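Dear colleague,

Please find below the structure that I am handing over to you. My account of what was found in it follows directly after.

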Amino acid sequence: MKVRKFHVYLTFVTICTGFLIAYSIELTQLRTQARQNDQQVQQETQLTERIIAEKEQNRKLEQQMIDLQRQVAKREEAMAKRQSAAADILSQLEAARMMAGVVPVQGPGLVVTMKDNQNAASSRDISNFIVHEQDVRLVVNELRAAGAEAISINGQRLVANSAIRCVGPTIIVNGIKSAAPFVITAIGDPSTLDNALNLPGGVLQTLDEFVHIEVAKKDMVQLPAFVGDSKLKNTAS
């Protein structure tokens, strides 16, 4: 009978011990899991704080980038204005140089060749059938009125003060003497210049009865720079 009680006690003690061990293991696991959860929460909190900080830093950098882009845009705009102003000045300078005739130029235009009438020698008054300076001036003035940008006569570039004078059968342009044929070269729209010369009752019709004139439209003509005294008295108009 005593042996049986011992067995019962032993069984009870064993069960209690097993329960305590199991409880201890489970408690240990719970504590370990709790610590892991705490660490995970801390890591997540730190990560969240870091993400927030990074976002704030990115926001600041984006704002700085926007500010820099605005500054760059303003400077580019100012530079574009300066470049535009410089281009305008350069364009005006080139136009002034062209008008002054100090640089050679080329472009589309017209070539007008004026020759003495082939019947001049048999005429009673030969002077009526040879090219005079006033005939050349008529053509030059008409070309200018039609928008010619630059004009030369027998290779002599005309400028504001260019002189066209007649000495017998020759014409002096910029102090240089030359004889017929007189080749007038003009830069400008070929069709516009040609139409201006061929107006009904215009220059060509007026002179055609007395002298021989040939007109040729050109895709490209070249005019030399002015060579001479810019203070010459203007007799071209």
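Two rings of Phe, Tyr or Trp, the last represented by its six-membered ring, are taken as a pair if their centres lie within 6.5 Å. Please note that this is a predicted model. By the rule just given, the count comes to 1 aromatic pair. F129 and F210 form that pair, with 6.4 Å from centre to centre and 45° between the planes, and the arrangement is tilted. Planes under 30 degrees apart would count as stacked and those over 60 as edge-to-face, so the rest are called tilted. F129 belongs to the loop between β1 and α2, and F210 to the loop between α4 and β8 (212-223); the pair therefore ties together parts that are 81 residues apart in sequence. F129 is partly exposed, its relative accessible area being 22%. F210 also counts as partly exposed, at 35% relative accessibility.

The sheets

One open sheet has 5 strands in the order β3-β2-β7-β1-β8, and the pairing is antiparallel. The edges are held by β3 and β8, each with a single partner strand, so one side of each has no neighbour in the sheet. Between β1 and β8 the antiparallel pairing extends over 10 bridges. Within β8, H212 is the bridge partner of K115.

A further open sheet is formed by 3 strands in the order β4-β5-β6, again with antiparallel pairing. Its edge strands are β4 (164-167) and β6 (176-179), each of which pairs on one side only. From one strand to the next, the twist averages 30°. β4 pairs with β5 over 4 bridges in the antiparallel sense, and β5 (residues 170-173) pairs with β6 over 4 bridges, likewise antiparallel. I171 is a convenient residue by which to follow this sheet: in β5 it is the bridge partner of C166, and it stands opposite S178 in β6. The hairpin of β4 and β5 has 2 residues between the strands, and G168 in this hairpin takes a positive phi near 65°.

The helices and the cores

Helix α2 (residues 133-145) lies across β4 and β5 and runs at about 155° to β4. Helix α3 lies across β1, β7 and β8, running at about 25° to β1. In α3 the buried residues are P190, L193, D194, A196 and L197. Viewed down the axis of α3, these buried residues fall within an arc of 160°, so they line one face of the helix. They pack against β1, α2, β7, α4 and β8.

The largest nonpolar core has 25 residues, of which M114, V139, L143 and I184 touch the most other members. At least two residues of this core come from each of β1 (105-115), α2, β2 (150-153), β5, β7 (182-187), α3 (190-197) and α4 (203-208). The most is given by α2, with 4 residues. Which residues does I184 touch, not counting those up to four places away in sequence? They are L110, V111, V112, M114, V136, V139, V140, L143, I151, S152 and I153. Apart from this core lies another, of 6 residues, among them V105, I187, V221 and L223.

Backbone features to note

Most residues other than glycine have a negative phi, and most peptide bonds are trans. Against that background, the following places deserve mention.

- The peptide bond from A180 to P181 is cis, with omega near 5°; P181 is found in the loop between β6 and β7.
- N154, a residue other than glycine, has a positive phi near 50°. N154 is placed in the loop between β2 and β3 (156-157) and counts as partly exposed at 27% relative accessibility.
- N174 is not a glycine either, yet its phi is positive, at about 55°. N174 is located in the loop between β5 and β6. Is N174 buried or exposed? At 5% relative accessibility, N174 counts as buried, because buried means under 20% relative accessible area.

Yours sincerely

Terms used
Residues numbered from 1 in each chain as written. Predicted model: local features only at pLDDT ≥ 70, side-chain atom pairs only at ≥ 80, totals over all residues. Heavy atoms only, no water. Pairing = 2+ DSSP bridges. Axes fitted to C-alpha atoms, helices over the stretch in contact; angles between N-to-C directions. Contact = heavy atoms within 4.5 Å. Core = buried A, V, L, I, M, F, W, Y, C linked by side-chain atoms within 4.5 Å. Buried < 20%, exposed > 50% of the residue type's maximum accessible area, 1.4 Å probe, protein only. Arc of directions from axis to C-beta.
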